Amino acid sequence: MAKPSSEGDSSTASRTGSRSTMRESSLKGCGFSSFTGFRAEKEDVLRLAMPLYLRLAMLDCIKKKDVDAGDQHFQTSGSEDDPCCENPVVVFINPKSGGRNGSVLQDRLQHMISQEQVFDLHNVKPDEFVRYGLGCLEKWAEKDNCAKETRKNIRVVVAGGDGTVGWVLGCLGVLHEKDQFPVPPVAIIPLGTGNDLARSFGWGGSFPFARRSAIKRALQRATNGRICHLDSWHVVVQMPGGEVVDPPHSLKTTEVCDVDQNLKIEGRVPDKVNCYEGVFYNYFSIGMDAQVAYGFHHLRNEKPYLAQGPISNKIIYSGYSCSQGWFLAPCMSDPSLRGLNNILSIHIKRKNSSKWEPIEIPRSVRAIVALNLHSYGSGRNPWGNLKPDYLKKRGFVEAHVDDGILEIFGLKQGWHASFVMVELISAKHIAQASSIRLELSGGDWRDAFLQMDGEPWKQPMSKEYSTIVEIKKVPFPSVMVNGE
């Protein structure tokens, strides 16, 4: 809408009536009447759909990457006549996640809420929404009551896998750093293969597309669910300069290597280093599990027709783990199939301690995982539900998603990992830590494989110099919506 001119009360009324008509038109035919049993269809949709002028203003700001680009949609008077939505939401959809059902879900959600509130991640990045979309609301919050209430109450729904959810959480974390509160809480529609974040917060391991009421139910839970917190973990990778790494989108280059200088590096460090940093929410791992994930992701990208859904993905994933030699590791002479203790050393800080201490790596371990949630590998709990006596004996505490510590465990050959994943046995418990330092030295290894929240990458190894990975807790929690 164009910014109003001073033409008198009749002109203002005309503009208000016109905008109301446009908004009412956008609410028709949404198929939302059964969202509750007691409200009319228009009232149901108004709970989620922002006023049209507000939606258009935010969208213009995002598209033009300018918080001033939406000014023409605001009016200096009469905005009080526009009903604000009760529970505003925006939805981010990754159409490539899981069974690639995102595009179908996007059409349904745009029909039920509004086109301007449902974003394809290929077209609108979450950092653009945070900077320009929320920036637009914050700019007008003092002048426009609806902008103020929307910014205060807005929630974000992420339709995708764990990697997509982590991407959005990382972008929203910038609001903490800039003291821009409240930070919108995040709900999840699980479209990925593992969906461990979704499982941990009551959203389930898959989305029931066959149920007609599933989308309405998910939106209802997203708007009414209780708020809870999740620890976030900052990762820094320092590697010899000149090496090339193709990191996932969750790992970005940085000029400053923020590693703890109080802990001496055991190997050599070159004069020039490359540094990357990122954040994870579920797990960080190194070894054979990351190598299998890396191969699976490349296979899926090269042959997308194979990715028809979570079940087919898991079948392919299982087959790929067999082809990588994990099950035959003890019989293989390839150095990359031997125990991680050949290339890796670990130091940790325990909770409420500032002292680094070394941790022994069992010779048989071929994958090490630092786990934040109770769910790993599509809902498994490899750490296990440990009894109080065992916790006391090992000096462990009961694990929670917001306790400020990571559970570190190891997986041996493929047979051991298989028994762990079907929960016949627990993984090899190594430690609990509030900070972790990994030092990798190449030797006969050309590459190591690492992953964060299901996003793997191949890490080149140097025979002469060490690669450092340091993990420490982000000082503020991520804000989640519980779907139970």
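**Exercise 1. The lining of a pocket**

By class, how many residues of the lining of the second largest pocket are nonpolar, polar and charged? Describe where this lining comes from as well.

*Solution.* Keep in mind that we are working with a predicted model.

Step 1. Start with the classes: the lining holds 19 nonpolar, 14 polar and eleven charged residues.

Step 2. Now add the volume, which is about 850 Å³ for the second largest pocket. Its lining consists of 44 residues, and those closest to the pocket centre are Gly170, Cys171, Val174, Glu177 and Val279.

Step 3. Trace the lining back to secondary structure. At least two residues each come from helices H5 (126-140) and H7 (162-177) and from strands S7 (251-254), S8 (273-280), S18 (466-473) and S19 (478-481). H7 gives the most, with twelve residues.

Step 4. Finish with the domains: domain 1 (39-225) and domain 2 (233-475) each provide at least three lining residues.

**Exercise 2. The seven-stranded sheet**

Find the strand order of the open sheet of seven strands, and follow one of its pairings down to a residue pair.

*Solution.*

Step 1. Write out the order, S7-S8-S6-S18-S15-S10-S11, with antiparallel pairing.

Step 2. Look at the ends: S7 and S11 (356-359) are the edge strands, each pairing on one side only. On average, neighbouring strands of this sheet are turned by 20° against each other, direction ignored.

Step 3. Pick S6 (residues 233-240) and S8, which pair in the antiparallel sense over eight bridges. Within this pairing, His234 has Val279 in S8 as its bridge partner. You have met Val279 already, among the residues closest to the centre of the second largest pocket.

**Exercise 3. The six-stranded sheet**

Do likewise for the open sheet of six strands.

*Solution.*

Step 1. The order is S14-S13-S12-S9-S16-S17, again with antiparallel pairing.

Step 2. Strands S14 (428-433) and S17 (455-460) form the edges, and each pairs on one side only. Here the average turn between neighbouring strands is 20°, direction ignored.

Step 3. Zoom in on S9 (residues 283-287) and S16 (residues 447-452), an antiparallel pair with three bridges. Ile286 stands opposite Leu450 in S16.

**Exercise 4. A disulfide across the chain**

Which cysteine does a disulfide join to Cys84, and where in the chain do the two residues sit?

*Solution.*

Step 1. Take 2.5 Å as the sulfur-to-sulfur cut-off. The count then comes to two disulfides.

Step 2. One of them joins Cys84 to Cys146, with an S to S distance of 2.5 Å.

Step 3. Place both ends: Cys84 is in the loop between helix H3 (52-64) and strand S1 (89-93), while Cys146 belongs to helix H6 (residues 145-153). The pair is 62 residues apart and links distant parts of the chain.

Technical notes: Residues are numbered from 1 along each chain as its sequence is written. This is a predicted model: local features need pLDDT of at least 70, side-chain atom pairs count only at pLDDT 80 or more; totals for chains, interfaces and linings use all residues. Side-chain values use heavy atoms; hydrogens and water are left out. On a 1 Å grid over the protein atoms alone, a cavity is a set of points where a 1.4 Å probe fits but cannot get out, and a pocket is an open set with protein on both sides within 12 Å along at least five of seven lines; lining residues have an atom within 4 Å of a point. Grid points are joined across faces, edges and corners, and a volume is the space filled by probe spheres set on the points. Helices (H or I, at least four residues) and strands (E, at least two) are DSSP runs, numbered from the N terminus. Ala, Val, Leu, Ile, Met, Phe, Trp, Tyr, Cys and Pro count as nonpolar, Asp, Glu, Lys and Arg as charged, and the others, Gly among them, as polar. Domain bounds come from an automatic or database domain assignment. Two strands pair if DSSP finds at least two bridges between them. Axes are lines fitted to C-alpha atoms, for helices over the stretch in contact, and angles run from 0 to 180 degrees between N-to-C directions.
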